Structure formats: structure tokens, C-alpha cells
There are 2 protein chains.
Amino acid sequence: MVTIYDVAKAAGVSVATVSRVFAGNSHVSAGRKEAVEEAAKELGFVPNSMARRLRTQHSEVIALLVPDIENPFFTLIARAVEDVARERGYSVMLCNTDEDPERESEYLRVAASEPVAGIIIVPTSSVDLSLPLERGVPVVSVDRHAGSFDVDAVVADNAESSKRAAELLFDHGYSRVACITGPMGVETADERLRGWAEAVRERTGSEPKAELAKRASYSLEGGEEATRELLALPSPPDAIFAANNRLGAGALRALHEVDSLPPKVGVVSFGGLPLILLAPLGVLITHLPARELGKRAAEMLLERIDGLDIPARSEVLEVQVGGEDSGIELMYGQ
Amino acid sequence: MVTIYDVAKAAGVSVATVSRVFAGNSHVSAGRKEAVEEAAKELGFVPNSMARRLRTQHSEVIALLVPDIENPFFTLIARAVEDVARERGYSVMLCNTDEDPERESEYLRVAASEPVAGIIIVPTSSVDLSLPLERGVPVVSVDRHAGSFDVDAVVADNAESSKRAAELLFDHGYSRVACITGPMGVETADERLRGWAEAVRERTGSEPKAELAKRASYSLEGGEEATRELLALPSPPDAIFAANNRLGAGALRALHEVDSLPPKVGVVSFGGLPLILLAPLGVLITHLPARELGKRAAEMLLERIDGLDIPARSEVLEVQVGGEDSGIELMYGQ
DNA sequence: TTCTTTCATGTAATCGATTTCACAAGCAAG
DNA sequence: CTTGCTTGTGAAATCGATTACATGAAAGAA
């Protein structure tokens with residue numbers, strides 16, 4: 001491997017001078033600078049970042065922990081994070097946690113031992129950030145808050161916009177609106193359920209029925225199963241509020257089986273569907289600001305890496321409620 | 001930061017002993033081993049990988065360069081790569097090149113200076129791998145070959161299965177089958193075009209018409225535009241072979257505009273569409289083995305990292321031709 | 001001219017681990 | 001009772017950069 005020592009020898013200068021040239025330091029005479037650059041090119045010298053990092057204690061890598069990059073919502077976040085990072089000379093280490101706390105903590109251990117410059121995480125509900133925080137690695141939480149850990153967070157206004165999303169169904173004339181949400185304890189699931197309940201309360205004037213609020217895993221299968229159960233009720237709902245994109249897709253699939261696609265049974269999906277809707281179906285969609293979440297998270301993290309020392313911030317981004325997917329539309333995600 | 005020196009002092013041993021304990025080296029007496037482990041836990045010691053890497057010259061990070069993680073085809077590849085890598089203790093650095101040779105070479109420079117343990121790349125047609133190869137960093141090319149660089153590659157059998165895909169349209173009774181493929185010089189685009197041409201030649205007995213073979217950028221817009229041009233021909237095609245998923249989506253969108261969705265105009269998309277087809281549309285699909293491509297690429301790379309020293313291999317994975325998307329189906333990609 | 005500054009440069013310490021080497025102790029074989 | 005092997009241990013060199021400090025030269029001020 002070609003080191004600065006080789007370059008120094010070839011250029012007839014000291015290693016300090018070579019280092020200065022590569023650091024863009026001005027305290028080098030033009031002649032030597034040129035000689036160093038020539039020697040470096042000649043030898044094919046590429047500085048070794050491991051050595052630099054060890055010395056400077058700075059890493060130019062940020063870890064991104066998401067549940068599953070295959071979910072288009074997280075794909076968009078990842079892409080946005082990478083864009084912001086690259087612009088600033090940082091690379092992104094991608095980690096899929098599959099919502100598994102064990103996998104998550106394993107990755108946090110790796111990130112801490114790296115150590116990376118910072119961490120952006122979509123945390124599980126039992127996340128433990130003490131390791132990176134103790135070691136001074138800044139963390140930004142995205143999409144959800146990180147339990148009791150006091151770190152920057154960027155989330156969507158889940159409760160409020162879920163309320164408006166559920167109201168949309170009432171506005172469209174439906175009266176018995178069910179909810180399919182994620183597992184208990186998952187922040188987004190609970191918040192979205194709360195929004196739905198609020199809407200039902202306001203529009204019907206009574207407490208939401210327990211049997212109309214289904215919990216499921218955030219998956220296609222979960223959405224299907226819950227929908228089937230809802231349809232099997234003595235008095236089934238005439239509309240469904242699905243708390244995420246996968247649940248929405250599952251609901252549509254189940255409704256299709258029994259030929260009850262919208263508008264027969266109304267559907268609003270919280271978060272866009274990865275789909276082309278080929279018929280004007282009237283599936284209602286709210287658009288989660290995925291790209292914006294990722295972008296803000298990366299920006300906030302970089303500020304922390306740059307040394308910003310203020311109390312933890314919590315930003316709430318607005319969800320666009322009420323787009324109706326009709327005609328043919330391609331969406332890769334959200 | 002807690003270092004092995006702190007641990008050594010606390011445990012009353014030398015740094016060498018601490019290092020041996022963490023390396024799982026057997027040449028340590030039980031008593032001291034325990035003392036070290038206790039001290040380490042007490043102090044919250046996490047070994048610093050930068051220092052380890054500098055010394056061992058080994059990195060546990062592999063770089064993954066894809067055009068765009070938002071394309072579900074590459075999302076799947078990325079996920080598969082990450083899965084294999086994690087199992088073996090490696091992390092994945094995600095890089096989006098956007099098919100931009102400059103961005104690509106910039107990332108390759110970063111990867112070489114890191115240096116990473118290995119590189120998996122979906123290369124542009126003007127890729128230059130000399131930097132990593134000179135530095136002995138193994139490279140595996142996936143989805144496409146890496147120009148004249150002699151590295152392991154995993155690709156789909158594009159030409160052969162494109163031929164079969166185009167034949168499907170003839171089998172369904174269409175006779176004037178057009179092709180929309182990617183830019184000139186892009187391997188997959190050229191191969192798939194070749195497959196289509198072969199099918200036309202065999203089924204019609206004459207050379208394919210030049211005006212029925214459209215080049216476009218691999219994008220939704222490219223597919224739309226090309227489709228519009230095809231439909232505007234004096235004698236327009238009655239079926240379209242779209243050489244990738246985005247082109248396929250674009251074609252469907254354009255056909256929808258003029259109310260000519262399948263089966264009016266036949267469509268086969270080479271590579272799955274990120275969609276839910278809500279009507280039994282008869283869009284024909286070939287399923288690219290995206291996950292399998294990523295998995296094999298990662299496996300081959302790890303073999304190289306482990307020192308496998310045989311001539312470059314080129315694996316060709318089979319494409320499943322002929323699935324028909326009907327009913328409601330959710331596909332995140334391919 | 002002489003005294004400060006500023007600039008260019010090199011030497012050597014440093015980052016935090018791993019690993020070679022030397023040495024000592026324990027034990028088996030001759 | 002040696003000799004030879006294995007095992008446990010620590011001191012010190014090492015990986016490849018950065019950077020504090022020292023030094024000498026040049027430029028500017030008095």
C-alpha cells in the first residue's frame with residue numbers, strides 16, 4: 001500500500017508536508033505542493049481513511065437504522081438521507097432492523113464501536129440508545145420518538161392528520177368507520193388510532209366501538225386478516241381507515257376477494273400505496289412526507305455532528321390529507 | 001473514551017492480555033480473563049474498530065453501488081445483500097449513483113480510500129474499476145457486466161428470456177409487437193432488444209422494423225413518451241414489449257390515456273411492476289430474480305474477501321417468464 | 001541595523017488497537 | 001536432573017495518517 005511516507009520520499013519532502021498538501025493547508029510553498037501532487041499521482045496514492053479517522057476521531061459515516069428498506073416509505077427516507085449526506089461528504093451505512101430489538105441493539109453496538117459520526121434511527125418501542133449517547137455519538141430519531149431518550153426527532157403529525165383522514169370517510173357519506181392500526185405500543189399505531197377515535201367521537205357523538213378498532217402487524221397479511229374479521233362482524237363497517245400503506249394494501253386485497261372494493265366499502269390509506277391504480281377507484285390516500293422526514297433528519301444530524309449544542313428538538317411535519325388516487329398513477333411509495 | 005489501557009489498568013493486567021480476551025484467544029488464564037471481562041463491563045468498554053482496522057487492514061464493510069435505491073428492483077438487491085452481509089458480520093455502505101459515471105467514480109474513490117472489504121456494483125457502461133482492483137479490493141458486478149474489467153458477475157439471462165417474453169405476446173395473438181428498451185450501450189437494454197428482435201424474426205419470418213424498436217431512458221417518462229410515439233405511427237403496433245419495470249409502467253400510463261389498456265394493446269413488462277392491479281388486466285410480467293441476484297453477488301464477494309483466488313466467474317440467473325398479473329396483487333418490486 | 005512577526009518545514013508524539021518477541025513457569029520425557 | 005515443549009504474560013513495535021512543537025528563513029517595523 002502506498003502511504004504518505006512513500007509520497008514524501010518520492011517528492012523529497014517530509015510526511016508533514018504531504019499531509020498538509022492533502023489537507024488543503026495553505027502553509028506549503030507552491031513548488032513543493034506541486035512536487036507532492038505529482039508524486040502522489042505517480043504512485044497512485046489514496047489516503048487511508050482508517051488512519052485519518054483514528055487520529056482525528058472523526059468518521060464521515062452515518063448509520064441509518066430502518067425496519068425494512070423494502071417498505072417504500074423507508075426507501076424514500078433512506079434515499080433522502082443519502083442525498084443530504086453525500087452532499088456533505090458523508091457515507092451511509094444501511095441497517096435493516098425488521099423491528100427486532102435484538103437486531104437493533106446489535107447494530108447500535110456496531111455503530112458505537114465504529115464509531116460512526118452519527119445515527120439516524122426509526123426506533124423500535126424498546127430502543128436503548130444509552131451506548132451511542134454515552135460515547136457522544138449524536139442520534140436523530142425519525143418517524144417515531146425514541147422512548148424516553150432525549151434526542152432530536154422528526155415525525156409526522158399522526159394523530160391530527162389521522163383524524164382528518166378518518167373524517168374524509170364521513171365526508172364521503174360513510175357512517176360506520178373502522179380502523180386497522182399497528183401493534184400496541186408502537187407510537188405511530190397508537191397515535192393514528194387516537195386520531196381515528198377522535199374523528200369518530202366528533203362525527204358520531206359517541207364513543208368508538210371497540211370491535212371496530214383492530215390491531216394488526218404492519219403487514220399486508222395483517223391488513224387482510226383484520227379486514228376479514230371486520231367484515232365478519234354482525235354489523236360490519238362501511239369504511240376502513242388503514243393506519244399504514246401495507247395495512248391499506250391488505251385491506252384492498254381482502255375487499256377485492258368479496259367484491260367490496262371502494263366505493264362499496266370506503267378505504268383511506270394512511271401513507272401512499274406502491275401501486276398503479278388502473279381504475280378510478282376512489283381509494284383515499286394521505287401522503288406521508290417521507291422524503292422530507294429523511295431530509296430533515298439528516299440535516300438535524302449534521303448540525304449535531306457539527307457541534308450544535310442545544311436541547312433536543314422535536315419537529316412535526318405535516319401530512320397531506322385528502323389526495324384521491326384516481327386514474328392511473330404510479331407511486332413508488334410513502 | 002475507554003480504551004484497552006483503561007481496562008488493563010483496572011484489571012491489573014497488560015493491554016496484550018485484554019486484547020487477547022476480546023479476540024477470544026485461548027492463551028489467557030481463566031482468572032485474568034474474568035477480571036478483564038468484569039473491568040470491561042464496569043467501564044463500558046467497546047473496542048474501537050478504527051484502531052483494529054488500521055492494524056489488521058481488514059474492514060468488515062462492503063460498499064454497494066446501485067443506480068437508485070428507489071427502484072424496487074435495486075431495493076430488493078440491496079436488502080438481499082444486507083441480509084447476507086449481516087449474517088457474516090459485515091455492514092453495507094449504500095451508494096446511489098443515479099447512473100452518473102462521475103458520481104460512480106467518486107464513490108469508488110471513497111470505497112478505495114476507506115478501504116472497504118469489497119464492492120458490489122451495478123455499473124454504468126463507462127465504469128472504471130482500476131482503482132479498487134489495484135488496491136486489491138474485490139469487486140462483484142451485478143445485473144450487468146463491468147465493461148472489460150475481469151470481475152465476478154451475476155446477471156439475468158436477458159436476451160433469452162426477453163425472447164420468450166416477446167413470444168408470449170405472439171402467443172396471445174398479437175402480431176405487430178413493438179419494443180421499448182433503454183439507452184444504447186446499456187447492456188440490459190441491448191440484450192433485451194436483441195431478444196425481442198430474435199422473437200420477431202422467428203415469428204414473423206422477417207427482420208424487425210426499425211420504427212417498432214424505441215430507445216428511451218429507463219424511466220416512467222421515457223416509457224410514456226416512447227409509447228405515444230409508437231401509437232402515432234402510420235401503422236401502430238398492437239403490442240408492446242417493455243424492457244424494464246419503469247418503461248412498462250410508463251407504457252401502461254400512456255395506453256390508459258387513449259383508452260387502449262390491455263388487452264386492446266398487449267403489454268409485457270420485463271421485470272415486475274410496483275403495483276396493485278385492481279382489474280384483471282392481463283399485463284404480462286416476467287419476474288427478475290432480484291433477490292437472488294443480490295444474494296449471489298454478496299456470497300461471491302464474501303468468497304473473494306475470504307481469499308478465493310480463481311478466475312472471474314459469470315453467473316446467469318434465470319428469469320421467470322409468463323406470470324400474468326390478474327386479480328389484485330401487490331408486488332413491491334423486481 | 002536590529003527586533004518582531006509570519007511563513008515554511010521537519011521531527012516526533014499520538015490515536016487505540018493487534019501482534020511479535022522474549023521470557024518465565026509448569027510439566028513430561030529421557 | 002537436565003532437556004524440551006506448551007502455556008501464560010508483558011513490553012514494545014506497528015498500522016498510516018495528523019498535528020504540536022521547534023526551528024530557521026524571510027519580511028516588515030522601529
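Here a trainee asks how some descriptions of this predicted model are reached, and a mentor answers.

Trainee: Why is chain A called more spread out than a compact globule?

Mentor: Compare two values. The radius of gyration of chain A is 26 Å. The globule rule gives 20 Å for 334 residues. The value is well over the rule, so chain A is more spread out than a compact globule. The C-alpha atoms fill a box of roughly 90 × 40 × 30 Å along the principal axes.

Trainee: What makes up chain A, in helices and strands?

Mentor: Chain A has 12 helices and 12 strands.

Trainee: What share of chain A is buried?

Mentor: A residue is buried if 20 or more other C-beta atoms lie within 10 Å of its own. In chain A, 52% of the 334 residues are buried.

Trainee: Which residues touch the most other members of the largest nonpolar core?

Mentor: That core has 186 residues. A:I62, A:L64 and A:F241 touch the most other members, together with B:I62, B:L64 and B:F241.

Trainee: What is B:I62 in contact with, leaving aside neighbours within four places in sequence?

Mentor: Contact needs C-beta atoms within 7 Å. The partners of B:I62 include B:A85, B:Y90, B:V116 and B:L301.

Trainee: Which residues are the closest to DNA strand C?

Mentor: They are A:S14, A:S29, B:T3, B:S19 and B:A51, among 28 residues that surround the strand. Helix 2 (15–22) and helix 4 (49–56) of chain A each supply at least two residues of this surface, as do helix 2 (15–22) and helix 4 (49–56) of chain B.

Trainee: How many residues of each class does that surface have?

Mentor: The surface near DNA strand C has 14 nonpolar, nine polar and five charged residues.

Terms used: Residues numbered from 1 in each chain as written. Chains lettered and ligands numbered in written order. Predicted model: local features only at pLDDT ≥ 70, side-chain atom pairs only at ≥ 80, totals over all residues. Near = placed C-beta within 6 Å. Helix = DSSP H or I, 4+ residues; strand = E, 2+ residues; numbered from the N terminus. Nonpolar A, V, L, I, M, F, W, Y, C, P; charged D, E, K, R; others polar. Core = buried A, V, L, I, M, F, W, Y, C linked by C-beta atoms within 7 Å. Buried ≥ 20, exposed ≤ 12 C-beta atoms within 10 Å, placed from the backbone. Contact = placed C-beta atoms within 7 Å. Rg over C-alpha atoms; globule rule 2.2 N^0.38 Å.
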